[in-house]
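Welcome, and please open your viewer. We will go from stop to stop, with something to select at each one.

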Amino acid sequence: MNKPDLIKIENLSKGTGVESLKRTFNSHRKYTLAKTQTGATRLDLFKSLALVVRDHLVEKWIQTKKSQYDNDVKRVNYLSMEYLVGRVLTQNMVNLDLKDTLSQAVRELGYDLEELEETEIDAGLGNGGLGRLASCFLESMATLDLPANGYGMRYEFGIFHQHFKDGYQVEEADNWLKHGNPWEIPRPEHLHPIKFYGHVKHHAHPDGRETYDWVDTHDNVMAMAYDILIPGYKCETVNSLRLWGARSTEEFDFQHFNEGDYIQAVSEKQKNETISKVLYPNDKSIQGRELRLKQEYFFVSASLQDIIARYKYAHTSFDQFGDKVAIQLNDTHPSLAIPEMMRIFVDIEGMSWERAWDITVKTMGYTNHTVLPEALEKWSVDLLGHVLPRHLKVIFEINHRFLKQVAERFPNDPERLGRMSLIEEGPVKFVRMHNLALVGSHAVNGVAALHTEILKQSLFKDFHEMFPERIQNKTNGITQRIWLKECNPSLSELITETIGEGWVKDLSQMDRLLPMRDDPDFCQRWAEIKQNNKNALADYIHRSMGVRVNPQSLFDVHIKRIHEYKRQLLNVLHTIVLYTRIKKNPQADHYLPRTVIFSGKAAPGYAMAKNIIKLINSVAKTINSDEQVGDRLRVVFLPNYSVSLAEKIIPAANLSQQTSTAGMEASGTGNMKLALNGALTLGTLDGANIEILEEVGEENIYIFGLTAEEVEHNVQNNYRPKDIYLANRELKNAIDLIQEGFFCPESPDLFHPIIDSILNHGDRFMVLADFASYCDLQKKVEEEFRNTDLWTRKSITNSARVGKFSSDRTIQEYAEDIWNVRPHRSHAENGAG
């Protein structure tokens, strides 16, 4: 029975030559897409190429899965609400080692590979760092030959497509699936029922047992699987990212149709399938919060049903479940997995509570990504009980048993019980999802050394005292295959030519570049590559925005989600100061040309962040239209930040702004990507900036501002931002210009809420407290950028010294310290053919 499959795989595995790839390309164009050579559009050609690559992915994926099943290996199951995968054609060609051959094949067919790569639309499966991290992690798991599955949501419209109208952020549906997705493989045979609402029936049995039935549920849906294949770099392992799409249990109400109510006939289907339409629905309304809760439960329930079904396929009891299954919760969004696993084990599989809890805790791991209290997810007891009544009872039982343990360990301490409870008491009671994740996981990790210490000493101090071995650090990382080899090919080629290609799988080898800082020819080539990348970005800015920037200027880059704690406002205020200096003495020739580049999205319901975007665009409009300023200062806000846009900006950056308030950024990964590509960091002692400082040395990074301890001291000791405003003439002038409506004369009061927040409401994020230090370091940046040789030397040092920040290293630590998972190579010697 297996022989035809083996013959087919063997034939395909030999089909990596140029002529074979050309035949496969034409075959997909003609027979899969039904297009003639003359009738094929560029989109058709992209799909044909993608399907050629997918053929090779499928071949390796089949080998990988067969070997994993045959050897009954332990698997990692990574649960994340986001996966910011970007455009995957280039990633897959690079990892399969097919790019050069495919480039030649496509060229001989008369097409341009770069044009086809640009045709691909970024997948709308994520928003920011959380999703990009998850994607890097999946790629590293495959590269390290770790048996793993990612689980997430197949959002039909992603988060949103951002564009600007009169400087305001406008959100439009990100219809990224409008032309289909050649990478996904629909799995209609993998359908799982997801229930909502209803009530719980309690049954007391004569033998003392108690059982529960979740009954009279409604608005139920089916979760349908879609697989995207994730290849490792130049290895045989191809893992899966399984995404869930909502499908109604009622496709069509024929009775309503016959009665002439055609809209009602399909309304139930449309309503139920809303669950997987959009990433992070706006939760400012009750309906939005309810949809978001249903979305999170839909995702974890489908994933757990799938994980358990896979385990049961190979095992007749749950005795080995914890030894064969590891589940990692990426932030608090999937933490409903804990009560859902308990519900399945206790209500469906008939386990005792004690056994179910032991297995659940042994299986689960939880990654925390924030220290901001308002960002720690919680659900009102009323809402959770309404939508998921059985799960609320499970959570109450977990809490009852846990608080009993706390009381035994720390007697006569009711305040501690209140802090550690899964339930936040008050007029409105809430379930604290981070506490639930902490209690229900055997390992909890922060994502940078400072972040983890804050978890232990502050945010989760009580839990650390209860479970001193549970919280550990796993500093985030990025995959160098995407964030250097793919996005910066010229620099990648220079590095490989100089030290070999070992760095692609072992980023620590980058430190072999350090001696090259003393080689004038190497330094010149390094600087030329950076300049060529800047020229390319300048061309893109002109084409896409109509703004001409000076490619010789300092490219000052601030690209990340727009949030008050990330302090884009600090950058804006400094930019206004630079503008006023030029205006005060426009004839002077000592100004360093600078291009300030912003990009990032604000959450649709985050009014302050959206107002900051409008401020940036208003400042940009004023400066860019001022002929006195010319190209000595330009400000651009590139819309719709995405992976593919980041891949254009990062290789061209000179300065990387990482300005979050100390103690508030868990880690950050943009700082790592920019440093790897030779940008110098201007940042605070926050998140992974601290560890970058330790690696590159204080002379190769610009650190400003308060420490986390000093921020806390200001908060506790009546910090007075208005005194700083009054004492700093340039700062006062910049703020007054904003407040007087200089940058938005048609609506002079528009930016008053921003100014009020920093002058009259405590300046929570210490913008004014750090302003002078920030400006001082900016002066040092200008001085050193003028010294091309010095700047190039520092740029090389940054790239060479960030080997620690590979996601390969991070995943290796997860595998050894949390998951207890070993590499499994699906080569022929493992019986995979």
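Start by selecting Leu674, which sits in helix H26. With a relative accessible area of 2%, Leu674 is buried. Now show what surrounds it: apart from neighbours within four places in sequence, Leu674 is in contact with Val557, Ile650, Ala653, Ser656, Gln658 and Ala679. Pick out Ala653 from that group and draw a line between the two C-alpha atoms: Leu674 and Ala653 are 21 residues apart along the chain, and the line spans 7.1 Å.

Before going on, a word about what is on your screen. This is a predicted model, with an average pLDDT of 93 for the protein and 95% of the residues scoring at least 70. Colour by pLDDT and look at two stretches. Over residues 1-13 the pLDDT stays under 50, and the model has seven contacts for them beyond four places in sequence. Residues 828-833 also have pLDDT under 50 throughout, with 12 such contacts.

**A loop residue beside H26**

Select Thr669 next, in the loop between strand S20 (655-658) and helix H26 (670-676). Is Thr669 buried or exposed? Its relative accessibility is 8%, so Thr669 counts as buried. Beyond its neighbours within four places in sequence, Thr669 has contacts with Leu133, Asn476, Gly477 and Ile478.

**Two loops with a positive phi**

Most residues other than glycine have a negative phi. The next two selections go the other way. Ala34 lies in the loop between helix H2 (18-32) and helix H3 (42-70), and its phi is near 55°, a positive value in a residue other than glycine. Ala34 is exposed, at a relative accessible area of 62%.

Then move to Asp166, in the loop between strand S3 (161-165) and strand S4 (168-172). Asp166 is not a glycine, yet it has a positive phi of about 55°. With 61% relative accessibility, Asp166 counts as exposed.

**A helix and its cover**

Now select helix H13, residues 353-363. Which residues of H13 are buried? They are Trp353, Ala356, Trp357, Ile359, Thr360, Val361 and Thr363. To see what covers these buried residues, add helix H11 (321-324), strand S10 (325-330), helix H12 (337-348), strand S11 (364-367), helix H15 (389-409) and helix H17 (433-439), which are included in the cover.

**Cysteines**

How many disulfides does a search of the whole structure find? The search finds zero. Select Cys136 as an example: it is in no disulfide, and the nearest cysteine sulfur, that of Cys487, is 11 Å away. Cys136 counts as buried, at 1% relative accessibility. Cys523 is buried too, with a relative accessible area of 14%.

**The second largest pocket**

Keep Cys487 on screen for this stop. The second largest pocket holds about 1200 Å³ of space. It is lined by 37 residues, and those closest to its centre are Lys99, Glu117, Glu486, Cys487 and Pro489. To see the walls, display the elements that give two or more residues to the lining: helix H4 (89-95), helix H5 (99-108), helix H6 (113-119), helix H20 (480-486), helix H21 (489-499), helix H22 (520-545) and helix H25 (643-649). Of these, H22 makes the largest contribution, seven residues. Colour the lining by type and you will find 11 nonpolar, nine polar and 17 charged residues.

**Inside the protein: the cavities**

For the last stops, look for enclosed spaces. There are four cavities of 30 Å³ or more. The largest cavity has a volume of about 200 Å³. Select Glu120, Ile121, Gly180, Asn181 and Pro182, which are the closest to its centre among the 17 residues of its lining. H3 gives the largest share of that lining, three residues. By type, the lining of the largest cavity has 10 nonpolar, five polar and two charged residues.

Finish at the second largest cavity, where about 170 Å³ of space lies. Of its 17 lining residues, Val85, Val88, Gln91, Asn92 and Ile230 lie nearest its centre. The elements giving two or more residues to this lining are H4, helix H7 (129-143) and strand S8 (221-231). The lining of the second largest cavity divides into 11 nonpolar, four polar and two charged residues.

How values were computed
Residues are numbered from 1 along each chain as its sequence is written. This is a predicted model: local features need pLDDT of at least 70, side-chain atom pairs count only at pLDDT 80 or more; totals for chains, interfaces and linings use all residues. Side-chain values use heavy atoms; hydrogens and water are left out. pLDDT is the predictor's confidence in each residue, from 0 to 100. Contact means heavy atoms within 4.5 Å. On a 1 Å grid over the protein atoms alone, a cavity is a set of points where a 1.4 Å probe fits but cannot get out, and a pocket is an open set with protein on both sides within 12 Å along at least five of seven lines; lining residues have an atom within 4 Å of a point. Grid points are joined across faces, edges and corners, and a volume is the space filled by probe spheres set on the points. Helices (H or I, at least four residues) and strands (E, at least two) are DSSP runs, numbered from the N terminus. Ala, Val, Leu, Ile, Met, Phe, Trp, Tyr, Cys and Pro count as nonpolar, Asp, Glu, Lys and Arg as charged, and the others, Gly among them, as polar. A disulfide is a pair of cysteine sulfur atoms within 2.5 Å. Buried means under 20% relative accessible area, exposed over 50%, partly exposed in between (1.4 Å probe, protein chains only).
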